[in-house]
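Open the model in your viewer and keep the sequence panel to hand. We will go from one selection to the next and look at what is there.

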Amino acid sequence: MRHALSTLTICLLVFGSASAEYQLVDHPRMFITKETLPLLAERAYGTGTLAGDYALMKQEADYFVGRGVLKKPTSQWHPPYELVSAGICYLVERERGNANAAAYAQAVIDYWNLDDGKILSNLGNKHFGYYALIFDWIYDAMTQAEREKFGLYLGSWLYWYTNKPEITLRYGDWLYNQTWGPAHLNVGNTRDGITPKLFVALALSGAGTSNEDASKQFLDSFDSRIPAECIPRFDIMGGVWSESYGHGSYGPTRVIPWAFEAWRTATGQNWFELGEPNTYLKELNKWAVHLNVPFSNRTAYIDDNQGAPFFSSWLPTAPILAARYNDPVAAWCAQQYDRGTWSTRWRVLPWQRLLSFDPDIEPQSPGQALWPVARLFRGAGHVYMRGRWDDPDATWAFFGAGPWLAGHSRDDEGHFMIARKGWLVSRAGGMGHNDWDYYSGGSLAFNIVTVFDPDEQYSRLSPSESALADGGTKNERDGGTIRHVYGANGGNYGAVLARGKITAFKHDWRYTYAAADMTKGYRSIKIKEITRQFLYLRGEQEFFIIFDRVDARNEKFPKTWFLHIPTEPSVSGSETELTADHVYSYSDGNYSTWLSDPAGIDDVLSSGRSRAHLTTLLPREFTITKRGGAGYQFWGHPHEPTAQYNHASKRADDPPVINWRLEVEAGQQVNRDYFLHVLEVTDEDVTTPSEVTLLDQGSAVTGVQIVPSSGGEPIEVYFSSEGAMSGSIKFGSAEPEALPSAVDTTLEIGSRGDIDGDGRLSIADAVNMLLFGRRDPGRSISDFNGDGQFTLADITDLLGYLIMRADYPTLAGTGKN
């Protein structure tokens, strides 16, 4: 059962918290302890990454000691890195016997005393989480009177928003970003603020302040509620933060690991071990790495993510996950961040790497670690796939359909994206916020199918008049999914709303396949069924096949297939100009082509550009419309009279810059219709697509044949037109293989074929498969090709995979080792 509780979690629910009573170690206790300080001091003055990090932070601390004030004293968003650096330097220098070590702590104390300690209260710049860390680190340098004075103000934050010093989940849930707080550990976008409050409670506990009881009350709340309530929710969500990497990297992908690490160092309880194998923290690094787009080393624009540079945005988290899970890929991620040289400008300081990175873990890139090139994240319903690891020219794609778990999650079920040497398929451009850019959160921003009911009623039609005047946008009737953005399910913040579901998944070296049912994402008054099957074919030539089944309640409801692309496409057929330079329709063509584009990003790692070749095979009758260019990139739904204008927000020009879209509209008025598209990805100079033919096998099955232009053997793919989603694939003269009707994750998690259990596939596995496979043919681990049984074909397929991995990385999905 997918969401069954782990054994450890069940024990916690039955017998209480992870231990009968937690015990706190002496100060310092958060990230640094008396036990770990000697090694930290040794590494700080050693060689390598950590020594360089410390040298940078010591420059920051020395600069602060000389000035006595912060570079950004009134900023609510810029963490007080000078104080962080000074606190760390105090401990390291004292450990090394530096007679001047106390100057670092004294500079912090003097700064806090500038307003008699009130800067630690709500009158200051409110970085109470960071202040708590520093209080812990300079604990021994303060007098008892100073601890009491500073602790009085610092402890007041335990009552922030909740009015009592405990976790309340007031207007939130475990999967809502403001429940945990942002990475600047401040009051902005903080409700419960679990992480900064935990830091406060850990800092003040045992310090002899007036907030002793309040600190214990919060720690007791954390101790009892995280294992019993939070971990089961993390099990449901998995590694993909429910509100995307946009809201995730602003807080939860960082501050939740910080909270668990602070609790571990303070109590000795390692709660990173709690939960199922694919619970949030255990799967988090896998998600972040799969989210990274090869051509730019930036995270993908999924949901409201801003395409953050990967290594700098992941630095605050990767070292912790590497150490706690002995993860070589997380260690590699942590090592990639280039700290640069010190300056007086606002910058990111690598304090998390300095305190948490384990240099004894041998870093490995995903390709070196032999990660599969595709993965299904079941909680979110996200499927990520690529041609190979460690190559900026590789193809990357995303396909997703999952539940609604938290407020900022946008309604993009069935959406997909493709990149190679730039973006080929993206969401709509710009970077609008859910608060005021309603268009960006609606269906027309994504690559889905709309079914337009002129009487359908939608929520979130318009923000306030003041928001519109300040650059917000409306979102009129768009024919798309139900709008759950900012929904709270009638106050039930912990609910799981069914919208879409990945019903089938399979990955091997030749292809990645996923099927999704999005029916519950649309209103049942207009939709009986809407599904999408997504197939990525790897090889010397690469293809994506997208098959949609759409069954409407009313045959008169127009059905439109949307695709957002960065450059103007060329479309075959007879052209009708609707708006010069911006809108054209094509009634008898079925082929479109366009070039990739970095979509507003300058730091591109790939070479050259790629080309997309899109062939529309179904519906039987259809019209293609291309729409875009300046003033037309954010057009409303073509069938909504009140939406015939450009919905450009004040951040419409931010990356991704996506200027065009294709609209494929079914021509016949029938209840049930189908969309079948083949998208081939080539280099930019390949202007002739492969031959693509619709195979008509009657009403029950829809098929397509692809004859690669390189001269390779034809590929035939069939999909079921009725009933449960199923299909088959046939490579050349080989026997057809069934596409699964359920989720198959054995190869995706790296276990199928790994007979010796060393985490990688090798010749030894083939030998063991030969020796042991026939003894127990029912073991799935021996069924390498996934046909449901062990045969000699599994051995030959495994050997073929190993050969191709070594000699044909394009096919196998990894570089040479």
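Start by selecting serine 409 and showing whatever is in contact with it. Setting aside neighbours within four places in sequence, you should find Ser242, Glu243, Asp303, Trp404, Val485 and Arg499 in contact with serine 409. This is a predicted model, so please read every distance on the tour as computed from it. Serine 409 sits in the loop between β5 (396-400) and β6 (416-419). Is serine 409 buried or exposed? Its relative accessible area is 5%, so serine 409 counts as buried. Now show side chains: those of serine 409 and arginine 499 are joined by a polar contact of 3.4 Å.

Next, select residues 81-95 and 102-112, which are helix α4 and helix α5. Their axes lie 7 Å apart, and the two helices pack at an angle of about 145°. The crossing of α4 and α5 is left-handed. To see who meets whom, colour Leu83, Ala86, Cys89, Tyr90 and Glu93 on α4, then Ala102, Tyr104, Ala105, Val108, Tyr111 and Trp112 on α5. By type, the residues of this contact divide into ten nonpolar, no polar and one charged.

Stay with tryptophan 112 and expand the selection around it. Beyond its neighbours within four places in sequence, tryptophan 112 is in contact with Leu83, Gly117, Ile119, Leu120, Tyr131, Ile134, Phe135, Ile138, Met142 and Phe150. Trp112 also belongs to the largest nonpolar core, which has 137 residues. Ile88, Trp112, Trp180, Phe234, Phe260 and Trp351 have the most contacts inside that core. Apart from it lies another core, of 50 residues, including Tyr522, Val550, Ala552 and Leu679. In soluble globular proteins, nonpolar side chains tend to be buried together.

For a stop on helix α2 (residues 37-44), pick glutamate 42. With 55% relative accessibility, glutamate 42 counts as exposed. Draw a line from its C-alpha atom to that of valine 92: the two are 50 residues apart along the chain and separated by 8.6 Å.

Last, go to tyrosine 586 in strand β16 (residues 583-586). Tyrosine 586 is buried, because its relative accessible area of 1% is under 20%. Which side chain makes a polar contact with the side chain of tyrosine 586? Glutamate 575 does, at 2.6 Å. Contacts of tyrosine 586 outside its neighbours within four places in sequence include Val571, Gly573, Phe622, Ile624 and Lys626. Finally, zoom out to take in tyrosine 139, which lies 72 Å from tyrosine 586, C-alpha to C-alpha, and 447 residues away in sequence.

Methods:
Residues are numbered from 1 along each chain as its sequence is written. This is a predicted model: local features need pLDDT of at least 70, side-chain atom pairs count only at pLDDT 80 or more; totals for chains, interfaces and linings use all residues. Side-chain values use heavy atoms; hydrogens and water are left out. A nonpolar core is a set of buried Ala, Val, Leu, Ile, Met, Phe, Trp, Tyr and Cys residues joined through side-chain atoms within 4.5 Å. Buried means under 20% relative accessible area, exposed over 50%, partly exposed in between (1.4 Å probe, protein chains only). Contact means heavy atoms within 4.5 Å. Helices (H or I, at least four residues) and strands (E, at least two) are DSSP runs, numbered from the N terminus. A polar contact is a pair of N or O atoms within 3.5 Å; within protein, one must be able to donate a hydrogen and the other to accept it, and residues adjacent in sequence count only if both atoms are side-chain atoms. Axes are lines fitted to C-alpha atoms, for helices over the stretch in contact, and angles run from 0 to 180 degrees between N-to-C directions. A crossing is left-handed if the near helix is turned anticlockwise from the far one by less than a right angle, and right-handed if clockwise. Ala, Val, Leu, Ile, Met, Phe, Trp, Tyr, Cys and Pro count as nonpolar, Asp, Glu, Lys and Arg as charged, and the others, Gly among them, as polar.
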